[in-house]
Amino acid sequence: MAMTASTLSIVFSAFVLASLLVQFWLATRQMRHVAQHREQVPTAFAATVTPEAHRKAADYTLAKGRFGLLQQAITAAVLLGWTLLGGLDALNAWVLDATVPVFGTLGYQIALVVAFSLIASLIDLPADWHATFHIEQRFGFNRMTPRMWVMDQLKGALVGAVIGLPLLALVLWLMGAAGSAWWLWAWGAWMGFNLLLLVIYPTWIAPLFNKFEPLSDASLAQRVQSLMQRCGFAAKGLFVMDGSRRSAHANAYFTGLGSSKRVVFYDTLLARLSAEEVEAVLAHELGHFKHRHVLKRIVAMFAMSLAGLALLGWLSAQQFFYVGLGVQPNLGLPNDALALLLFMLALPSFTFFLSPLMARSSRKHEFQADAYACQQADGRALASALLKLHEDNAATLTPDPLYVRFYYSHPPALERLAALPSVPSPSASAA
Ligand SMILES: [Zn+2]
């Protein structure tokens with residue numbers, strides 16, 4: 001049976017609706033589960049987590065959950081507005097008239113993507129504002145001022161333009177000039193761009209948003225260096241990032257590629273964890289490298305983009321793809337920018353149903369990294385660090401099991417601590 005435009009419209013609507021319903025169902029399950037356990041700290045954590053911290057985690061989860069419901073509904077409505085209700089079609093007609101005579105066909109296509117991105121980010125702004133200044137603020141996590149928030153948005157848009165526009169122009173040009181195998185060329189360009197980003201992000205982009213200073217605590221630096229030596233890991237530097245400027249949430253990460261690789265600690269993490277705990281957290285991150293999780297993730301991303309671009313290569317030449325998603329393709333003019341936008345809009349409703357698979361593989365990786373950390377550092381320190389980070393992030397200790405399966409990239413605290421080999425039980429490691 002050949003795919004027709006109306007079949008695609010029906011299949012697409014069904015997927016949009018189905019993913020929205022599943023999101024709602026999972027979110028309400030999660031909220032009910034958390035609300036039901038709000039008053040009772042789980043037995044395993046009775047000695048380490050106060051009832052106040054436990055209630056705060058529940059309230060934070062509920063507040064984010066309620067707002068999430070609203071956001072998911074708005075996202076679905078906006079998606080239908082762009083596609084089947086004719087938003088992108090109308091924008092296209094308008095941009096086409098305004099730009100083709102002046103800037104030519106490549107200029108028109110770039111202008112269409114830029115206009116779309118601007119409108120889409122404007123639609124997202126209120127939600128970001130609310131999440132920062134109402135939810136994060138209410139639970140004491142936000143450290144941003146409205147001025148910083150505005151500057152962040154402007155800087156983000158500027159960096160996006162400087163990096164994104166040349167890439168966009170290149171991809172659109174390839175789509176028009178490289179023949180029917182353009183998607184293979186576009187894939188090469190996209191991969192090159194991603195690798196370049198990995199190299200320039202730590203040194204050029206991240207410093208636009210945060211200050212990075214070399215780790216000044218000599219004894220901690222010594223401890224971290226010897227851990228990295230034990231694990232056979234070379235990094236170019238240890239840095240402390242002023243994460244506390246924006247948020248009280250704590251973190252540590254590796255960034256960069258090859259010789260630009262560096263370790264970054266949030267100042268909030270160093271303020272909260274002991275040297276043993278920082279070492280254990282870092283050993284966990286090194287576990288991800290030792291098990292080649294980072295490489296596997298990059299390879300998986302490369303493979304998925306190849307499949308996606310091949311699919312787009314085929315779809316962009318089909319009339320039903322445009323009409324079925326609510327857009328009349330241009331006659332006698334390139335449709336590549338339209339195809340790109342429609343594809344990015346429509347894809348998530350389908351791939352949403354793959355999230356449990358990705359989440360499961362990610363949780364498996366976390367267990368492996370934890371096990372590695374226990375070989376290289378102190379398992380008890382890892383346990384107490386995880387618990388502190390959990391508490392500082394007001395992460396719930398009592399998530400709904402099905403919600404976990406679908407979304408959690410990290411195992412819930414209870415499972416994670418129970419799996420640490422050298423730790424008898426979370427409550428016993430508290431002292
Ligand atoms: Zn991890």
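**View 1. Strands S2 and S4 side by side in a predicted model.** In this predicted model, Leu238 has Val263 of S4 as its bridge partner. The two strands, S2 and S4, pair in the parallel sense over four bridges. While you are here, have a look at both faces of strand S2 (residues 238-241): each is covered. Leu238 and Val240 lie on one side, Phe239 and Met241 on the other, and all of these residues are buried.

**View 2. The open sheet and its edges.** Zooming out a little, you will find four strands in an open sheet with mixed pairing, in the order S1-S2-S4-S3. Strand S1 (212-214) and strand S3 (252-255) stand at the edges with a single partner strand each, so one side of each has no neighbour in the sheet. On average, neighbouring strands are turned by 30° against each other, direction ignored. At one edge, S1 and S2 run antiparallel and are joined by three bridges; here Pro214 stands opposite Phe239 in S2.

**View 3. Strand S3, strand S4 and the helix packed on the sheet.** S3 pairs with strand S4 (residues 262-266) in the antiparallel sense, again through four bridges. Look for Thr255, which stands opposite Arg262 in S4. Helix H8 (residues 275-290) packs on the sheet and touches S3 and S4. The direction of H8 makes about 35° with that of S3.

**View 4. Phe265 and its surroundings.** Phe265 belongs to strand S4. Is this residue buried or exposed? With 1% relative accessibility, under the 20% limit, Phe265 counts as buried. Leaving aside residues up to four places away in sequence, Phe265 touches Leu215, Val224, Leu238, Phe239, Val240, Met241, Asn251, Ala252, Leu270, Val278 and Leu282. Pro214 is a handy landmark too: Phe265 and Pro214 are 51 residues apart in sequence, with 9.9 Å between their C-alpha atoms.

**View 5. The zinc ion and its protein donors.** Which protein atoms serve as donors of the zinc ion? They are His284 (NE2), His288 (NE2), Glu366 (OE) and Glu366 (OE), at 2.0 to 2.8 Å from the ion. Why is the arrangement irregular? The four donor atoms subtend angles of 51 to 137° around the zinc ion, whereas a tetrahedral label would need all angles between 85 and 135 degrees. Along the chain, the donors follow the spacing H-x3-H-x77-E. Distant parts of the chain are linked here, as His284 sits in helix H8 and Glu366 in helix H12 (residues 355-376), 82 residues apart. Both ends of this pair are buried: His284 has 5% relative accessibility, and Glu366 has a relative accessible area of 4%.

**View 6. Thr83 in a loop between two helices.** Thr83 lies in the loop that joins helix H2 (51-82) and helix H3 (87-138). Although it is a loop residue, Thr83 is buried, with a relative accessible area of 0%. Beyond residues up to four places away in sequence, Thr83 touches Phe12, Leu325, Gly326, Leu342 and Leu345.

**View 7. Confidence along the chain.** The average pLDDT of the chain is 91, and 96% of the residues score at least 70. Among the elements of the chain, helix H1 (residues 5-36) has the highest mean pLDDT (97) and S3 the lowest (80). Please note residues 425-431 as well, where the pLDDT is below 50; this stretch has eleven contacts in the model beyond near neighbours in sequence.

Methods:
Residues are numbered from 1 along each chain as its sequence is written. This is a predicted model: local features need pLDDT of at least 70, side-chain atom pairs count only at pLDDT 80 or more; totals for chains, interfaces and linings use all residues. Side-chain values use heavy atoms; hydrogens and water are left out. Two strands pair if DSSP finds at least two bridges between them. Axes are lines fitted to C-alpha atoms, for helices over the stretch in contact, and angles run from 0 to 180 degrees between N-to-C directions. Contact means heavy atoms within 4.5 Å. Donors are N, O and S atoms within 2.8 Å of the metal (3.2 Å for Na, K and Ca); water is not among the atoms, so sites may look incomplete. Four donors count as tetrahedral if all angles lie between 85 and 135 degrees; four count as square planar and six as octahedral if opposite donors are over 155 degrees apart and all others between 65 and 115; anything else is irregular. Buried means under 20% relative accessible area, exposed over 50%, partly exposed in between (1.4 Å probe, protein chains only). pLDDT is the predictor's confidence in each residue, from 0 to 100.
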